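Student: Please pick one part of this model and take me through it closely. Then tell me what lies around it.

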Amino acid sequence: MPGVTSVGFDGRRELLDRLEQYYDVVPRAGARIEDFGPLTLFVREGQGWPFYARPAHGWSGAVSADDVTRVRVRQRELGIPETFEWVAETTPSLRDAVERTGLVVHEHPLMVLGPEAPTRAVADVADGVALRTIGPGDPVLPSALAVPYLAFAEPGTRTGPDGVPELDEAVRGRAGDGSVDRMAARILSGLTCVAAAVEDGRALCAGQHQPVGAVSEIVGVGTLPTARRRGLALAVTAVLVADARSRGVETVFLSAGDEDVARIYARLGFRQVATALIAEPVE
């Protein structure tokens, strides 16, 4: 995947510094912070996607396997996933440290939308499918929050068996857990924007962006496995980009699942600038 050749060394370093600051700020709205020297552990408060450990903001020294082990012990005590997330080019010493403790590292293209990329017009992608942002009281919100869980349980871009019955069951299973109310509050406060491709009152694909000042990350874009190969993820991403830019966001970025997914995002003008790493125990 080609990088952004128009960004020189100093510009790329400034961009990655901007992203590091963002990475440090965003989890704090919903997490407790525990300090482990070169590493920061974010502990989710309430329901939702579990957080992770990552390099402490501003840390420029080495990270050792002992540092990683201390965090992993604490994660096990708390009963949360033993995961770490970071940018390879920003904290190069962390990969060796986590691998020495037995974790496996996954690479993901870290992509930023080029400032010259046009905002793609928002339109229906197929008969009966509407693209829109989702308000806090929208009846589609529960399925927009549930569909990424089904999508990420079957990763990749191929169609899969889970469809509308499984989505409806996932919505019922999450009813009453408070996740819809919490997301509604985040939408109202401007912390999160949710967008979806909607058909028959359900979100077939949904995703979010989370603005902090002039930076926002697009996260959790997932398509119901039976609805894949219809261009829904790309269309939802375009809606999120348009919303971010309407809020004055200057830097829109995301981490692609793999090179195939990165090529899809490249159609919107995203270009790889670095490599996002995720470490987790071997299954």
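**Strand E5 and its surroundings**

Tutor: Start with the pairing. Strand E5 and strand E11 (residues 270-281) run antiparallel, joined by 11 bridges. Strands here are DSSP runs of at least two residues, helices (H or I) of at least four, numbered from the N terminus. Strands pair when DSSP finds at least two bridges between them. The model is predicted: local features need pLDDT of at least 70, side-chain atom pairs pLDDT 80 or more, while totals for chains, interfaces and linings use all residues. Numbering runs from 1 along each chain as its sequence is written, and side-chain values use heavy atoms, without hydrogens or water.

Now the register. Val-104 of E5 faces Glu-280 in E11. E5 also pairs with strand E10 (residues 251-255), again in the antiparallel sense, over three bridges. There, Val-112 stands opposite Phe-253.

How enclosed is E5? Strand E5 covers residues 103-113, and eight of its 11 residues are buried, so the rest of the structure largely encloses it. Buried means under 20% relative accessible area, exposed over 50%, partly exposed in between (1.4 Å probe, protein chains only).

Arg-95 is a useful neighbour to follow. It sits in helix H3 (residues 93-100). Its relative accessibility is 27%, so Arg-95 counts as partly exposed. Contact means heavy atoms within 4.5 Å. Leaving out residues up to four places away in sequence, Arg-95 touches Trp-86, Val-105, Glu-107 and Leu-277. Val-105 and Glu-107 fall in E5, and Leu-277 falls in E11. Arg-95 thus meets both members of that strand pair. Val-252 is another matter. It lies in E10. From Arg-95 to Val-252, the C-alpha atoms are 26 Å apart in space, and the two residues are 157 apart in sequence.

For a second element, take helix H6 (residues 179-189). Ser-179, Met-183, Ala-184 and Ile-187 are buried in it. Viewed down the helix axis, the buried residues of H6 fall within an arc of 135°, so they line one face. The arc uses directions from the axis to the C-beta atoms. Asp-181 and Leu-188, on the other side of H6, are exposed.

What does the buried side of H6 pack against? Its partners are helix H4 (141-153), helix H5 (164-174), strand E7 (193-199) and strand E8 (202-212). Gly-190 follows H6, with a positive phi near 80°.
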